[in-house]
Amino acid sequence: MRKLLALAVLILTTCCALAENPRVFTSGGELVKLEALSGDLVLKGKMESEQPVFWFHLIFKNAAGKELFRMRLGDNQLIVPDNHGIAQLAEPLAAGETFTLKIHIARNAWYAAALNDYLQASFTTEPENGPCTVELEPFQCKVILDEVKWTADPEAKIEAVIRTYGKHMWDQVLGKTPEGDWELRCRFRPTRRNQENNHYGFQIYGDKNQPRLMLVIWDSLYQMIQGDNSKGLGNFEKSLNGEWHDFKLTCTDGNFFETFIDGKRGDSFEAELTPGGDVRVYGMWDLEIKDFEIVNMEE
C-alpha cells in the first residue's frame, strides 16, 4: 500500500493537470507552479473577445518573484523574448477558436513554443535552477482554459526552430563544444520557403582567432567551410525538404570530424577549434530541430 501511495504522489508531481477546469482569466493571476524548468507545459483553451486586437501574456517568475521573461499569444502573433522577437502564426487565431499551446523546456534555459502542433518559435534564457511560477495576463479578452498540464522531464532534450518566412537568415545557440572527444546528435526537418538556392546547417565556433566551422546543407549536397578551406561531404539522392532526418557529427583527437545523415557517412575532414565555443543552428530555410544533444564520448 505504501508503494502504491508513493507511486501516486510521484505521478501527481510529475504530471500535474489542474482540477479546476475550465479556468477563466479576465485579469492577471497565477497559472501554475513549476518545480523545475525541464518538461512540457500544455495549455488548451480559447480567447473570447469583441475587440479587433487581443492577446494574453505568459509571465515566468523565479522563486523570489522576479520576472524572468514573458511571451505573448494573440493578434496573429506569438512574441517570445529572443533577438527575432515576433513569429507570425501559420494561421490566424480567431476569437473563440480552440488552441493548444505547448511550451517545451530543456536544461533550465532552452524553450520551444508550438501552437496546434506547429513549432512556432524557440529561444534561450539565462539558466534558472529553482522553482518557477507562471502567471497569465489577458489583454482585451477572456481566456478560458480547459486544460493546464505540466509534465516534468529531467531528461528533456533541446528543441529549436528557425522560421525565416523566406526572407532572412537566423541562427540560435544550442550548446557549447566540450573538452575531448564528443558527438552532436539531433533530428532535423528543413522546409524550403522560396525558390532561391539557399542553405541551412550548423555553425561551430572556437576562439576569436579561429574562423567558425560551417556545415552547410544545400538542396542536393552538403559541405564544410572554415575560412578559406572547404570540402564537399556528400550528395543527396533526393531533396531533404519537408522530411525528418537524423544528423550526427563526431569530433575525435581534437580536430578530426565525421558526419552522418540518416546513418549514411559523409566524407571526413579536419578543422581546428578550441573547445568551449558556441554550437549554433542557422537557416535561410525554415528548420526544425528535435532531440538535440552534445555528448562527451570520453565519459
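I began with Gln203 and found 0% relative accessibility, so I logged Gln203 as buried. The model is a predicted one, and I read every entry here with that in mind. Gln203 sits in strand β17, which I traced over residues 200-204. I then looked for a partner of the Gln203 side chain and found a polar contact with the side chain of Tyr205 at 3.4 Å.

**Overall counts**

I next took stock of the protein chain. I noted one helix and 26 strands in its secondary structure. The chain has 299 residues, and 45% of them are buried. I looked up how contacts are spread along the sequence: of those with a separation of 6 or more, 70% are between residues 24 or more positions apart. For the surface, I wrote down an exposed area of about 15200 Å², with carbon and sulfur atoms supplying 48% of it.

**Cores**

Which residues touch the most other members of the largest nonpolar core? I listed Leu184, Phe188, Phe202, Phe247, Phe257, Ile289 and Phe292, out of 38 residues in that core. I picked Leu184 for a closer look. Setting aside neighbours within four places in sequence, I found Leu184 in contact with Phe202, Phe247 and Phe292. The contacts of Leu184 also include Lys248, Leu249, Val279, Glu293 and Ile294. I also noted a second, separate core of 36 residues, with Phe60, Leu115, Cys132 and Cys141 among its members.

**Cysteines**

How many disulfides does the model hold? I counted zero. I checked the accessibility of two cysteines. Cys141 comes out at 11%, under the 20% limit, and is therefore buried. Cys251 is at 3%, so I entered Cys251 as buried too.

**Salt bridges**

I counted 20 salt bridges. As background, I noted that side chains of opposite charge can pair when their charged atoms come close.

I looked at the bridge between Glu135 and Lys61 and recorded 3.3 Å between the closest N and O atoms. This pair joins distant parts of the chain: Glu135 belongs to strand β12 (residues 132-139) and Lys61 to strand β5 (residues 55-62), with their positions 74 residues apart. Is Glu135 buried or exposed? Neither label fits: the relative accessibility of Glu135 is 23%, so I put Glu135 down as partly exposed.

I then took Arg70 and Glu67, whose salt bridge has its closest N and O atoms 2.9 Å apart. Arg70 has a relative accessible area of 29% and is therefore partly exposed. Glu67 has 35%, so I filed Glu67 as partly exposed as well.

The next bridge I looked up was Arg192 with Asp219, with the closest N and O atoms 3.4 Å apart. Both partners are in loops: Arg192 in the one between β16 and β17, Asp219 in the one between β18 (213-217) and β19 (221-226). They are 27 residues apart, and the pair links distant parts of the chain. Arg192 is partly exposed because its relative accessible area is 23%. Asp219, with 25%, is likewise partly exposed.

I also found a network of salt bridges, which links Arg163, Arg189, Arg193, Asp286 and Glu288.

**Two loop residues**

I turned to Asn116. Where is Asn116 found? I placed Asn116 in the loop between β10 (110-115) and β11 (118-124). Its relative accessible area is 38%, so I logged Asn116 as partly exposed. Not counting residues up to four places away in sequence, I found that Asn116 touches Thr98, Phe99 and Thr100. I also took the C-alpha separation between Asn116 and Lys44, which is 9.4 Å for residues 72 apart along the chain.

The last residue I looked up was Pro178, in the loop between β15 (170-176) and β16 (182-191). With neighbours within four places left aside, I found Pro178 in contact with Pro275, Ile294 and Asn296. Ile294 had already come up in my list for Leu184. I closed with the C-alpha separation between Pro178 and Thr274: the two residues are 96 apart along the chain, and I recorded 9.4 Å.

Technical notes:
Residues are numbered from 1 along each chain as its sequence is written. This is a predicted model: local features need pLDDT of at least 70, side-chain atom pairs count only at pLDDT 80 or more; totals for chains, interfaces and linings use all residues. Side-chain values use heavy atoms; hydrogens and water are left out. Helices (H or I, at least four residues) and strands (E, at least two) are DSSP runs, numbered from the N terminus. Contact means heavy atoms within 4.5 Å. Buried means under 20% relative accessible area, exposed over 50%, partly exposed in between (1.4 Å probe, protein chains only). A polar contact is a pair of N or O atoms within 3.5 Å; within protein, one must be able to donate a hydrogen and the other to accept it, and residues adjacent in sequence count only if both atoms are side-chain atoms. A disulfide is a pair of cysteine sulfur atoms within 2.5 Å. Accessible areas come from the Shrake-Rupley method with a 1.4 Å probe; for residues, only the protein chains shown count as cover. A salt bridge is a side-chain nitrogen of Lys or Arg within 4 Å of a carboxyl oxygen of Asp or Glu. A nonpolar core is a set of buried Ala, Val, Leu, Ile, Met, Phe, Trp, Tyr and Cys residues joined through side-chain atoms within 4.5 Å.
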